[in-house]
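Q: Please take a close look at one strand in this chain and at the sheet around that strand.

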Amino acid sequence: MRTLLFVASLALSLPALAADHVVSQSAKTFSVKTLQAHLGDTVSFRNDDPFVHNIFSLSDTQSFDLGTYAKGETRKVTLSKEGTVEVECAVHPEMKFVVEVKK
Amino acid sequence: MIRWRITAHVPTFVAAFALTVVFPCESRADGHTENGGRGAAVFSKYCVLCHGANGKGDGRAVSLQKVPPANLTISPRSLAYKVQIIRKGGGAMGRSAGMPAWNGVLSEEELAEVAAYVHSLRNRALSAKTDRSIVGSR
């Protein structure tokens with residue numbers, strides 16, 4: 001019974017172990033060049049620029065489009081697959097960085 | 001005497017030739033240029049992601065869009081409309097919010113040039129279609 005309770009509480013607490021990685025967009029640049037993350041982690045894209053960004057990825061590992069958002073807004077992505085995720089900005093083509101997602 | 005008259009005009013011919021080499025791109029009022037000029041460069045940098053290299057709405061980010069990017073080669077919109085939608089974005093014009101507002105990203109000059117280039121894509125497509133129909137009728 002105790003073992004069962006222990007395992008149950010461990011399973012329930014696992015999502016709480018997922019990390020949130022904050023990546024800022026400032027001066028048309030991401031605050032990181034590469035990011036090491038784990039399955040289930042979230043990446044919070046925070047726009048610290050005085051103009052909009054549109055963050056997206058077309059990677060086979062995980063594709064997403066966060067849409068256009070303004071200064072002060074943060075948009076999140078939960079990393080759902082292992083592999084390499086190349087992140088770009090549709091408004092500023094020179095902005096790129098890579099997320100390496102592991103178990 | 002005739003030889004002297006011809007040689008007197010040589011500098012003029014040389015200058016005229018030099019100008020055509022230095023400025024090969026003549027921009028017409030309808031935005032059509034021989035090679036697109038700066039408008040094409042802006043388009044290539046910012047627009048091909050969604051609209052594709054030829055403006056047909058088949059860029060690599062198409063799969064992410066809820067509403068397909070416009071096929072600019074068949075767009076019936078005026079040049080003035082295109083300037084506005086590039087400046088304000090699709091949402092502000094009652095179209096897809098997938099089209100960002102480029103005001104603040106592009107200078108007014110770049111905005112005008114890329115709009116003229118985008119407008120010329122339809123003219124080029126129509127010209128190509130006319131040429132094909134002429135060849136086909138021969």
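A: Two strands pair if DSSP finds at least two bridges between them, and strands (E, at least two residues) and helices (H or I, at least four residues) are DSSP runs numbered from the N terminus. This is a predicted model, in which local features need pLDDT of at least 70, side-chain atom pairs count only at pLDDT 80 or more, and totals for chains, interfaces and linings use all residues. Residues are numbered from 1 along each chain as its sequence is written, chains are lettered from A and ligands numbered from 1 in the order in which they are written, and side-chain values use heavy atoms, with hydrogens and water left out.

The strand chosen here is β8 of chain A, residues 83-89. With β9(A), residues 96-102, β8(A) pairs in the antiparallel sense over six bridges, and the two strands form a hairpin with six residues between them. Within this pairing A:Val85 stands opposite A:Val99, while A:Glu88 has A:Lys96 as its bridge partner in β9(A). A:Glu88 is also the bridge partner of A:Phe56, and β8(A) is joined by two bridges to the antiparallel strand β5(A), residues 53-58.

In the wider setting, five strands of chain A form an open sheet of mixed pairing in the order β3-β9-β8-β5-β6. Because β3 (34-38) and β6 (63-69) of chain A stand at the edges, each with a single partner strand, one side of each is left without a neighbour in the sheet. Neighbouring strands of this sheet are turned by 20° against each other on average, direction ignored, where axes are lines fitted to C-alpha atoms, for helices over the stretch in contact, and angles run from 0 to 180 degrees between N-to-C directions.
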